[in-house]
Amino acid sequence: MAAPGGDVLLTVTGQISRTNFGDVAEFDRDMLTALPARVVVTSTPWTDGPTEFTGVALADLLDAVGARGSVLNAQALNGYIVDIPVSDAQEAGPIIAYLRDGKPMGVRNKGPLWVVYPFDDLTGGQELYFNRAIWQLRHIEVRGE
């Protein structure tokens, strides 16, 4: 995996087989946008009405780093930590959004990265997914728990 040329936005550690800095995979914005992009239009408790989010599918990111675990320990810039089951990383699952309504998200607007689920398409248990929708994402540790 190539090394980032810009500021590192996301670090992935743990049970991964593809790295670019020792046993770590670091991604800058260009590296994330080079992965296949997916658009999710959904309502959230934190936005007004349906909002368009663009990002990399969580499944594609995990493939890119060769993840082998079952749990993702996701950490935000503000210290929030949440576990996300790898089983959430399905074709219609969450994305790691880097654009909101076509614009990069700053830290004050829950960016630069936000795990966004297609909330409007989920049935039941939405609160669980709201808790997993970590914004200001900076680090993912892949664990085998």
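**Close-up views of a five-stranded sheet**

**View 1. Five strands make up an open sheet with mixed pairing.** In this predicted model, the strand order is 2-1-10-5-6. Strand 2 (25–28) and strand 6 (81–85) lie at the edges, each pairing on one side only. On average, neighbouring strands of the sheet are turned by 20° against each other, with direction ignored.

**View 2. Strand 1 and strand 10 run parallel.** Strand 1 covers residues 8–14 and strand 10 covers residues 137–143; four bridges join them. Val12 of strand 1 is placed opposite Ile140 in strand 10. Thr11 has His139 of strand 10 as its bridge partner.

**View 3. Strand 1 and strand 2 run antiparallel.** Four bridges connect these strands. Leu10 faces its opposite residue, Phe27, in strand 2. Strand 2, spanning 25–28, is an edge strand of the sheet. In general, strands of a sheet pair through backbone hydrogen bonds, in either a parallel or an antiparallel manner.

**View 4. Strand 1 is largely enclosed by the rest of the structure.** Strand 1 stands between strand 2 and strand 10 in the sheet order. Of its seven residues, five are buried, so strand 1 is largely enclosed; buried here means under 20% relative accessible area.

Notes: Residues numbered from 1 in each chain as written. Predicted model: local features only at pLDDT ≥ 70, side-chain atom pairs only at ≥ 80, totals over all residues. Heavy atoms only, no water. Pairing = 2+ DSSP bridges. Helix = DSSP H or I, 4+ residues; strand = E, 2+ residues; numbered from the N terminus. Axes fitted to C-alpha atoms, helices over the stretch in contact; angles between N-to-C directions. Buried < 20%, exposed > 50% of the residue type's maximum accessible area, 1.4 Å probe, protein only.
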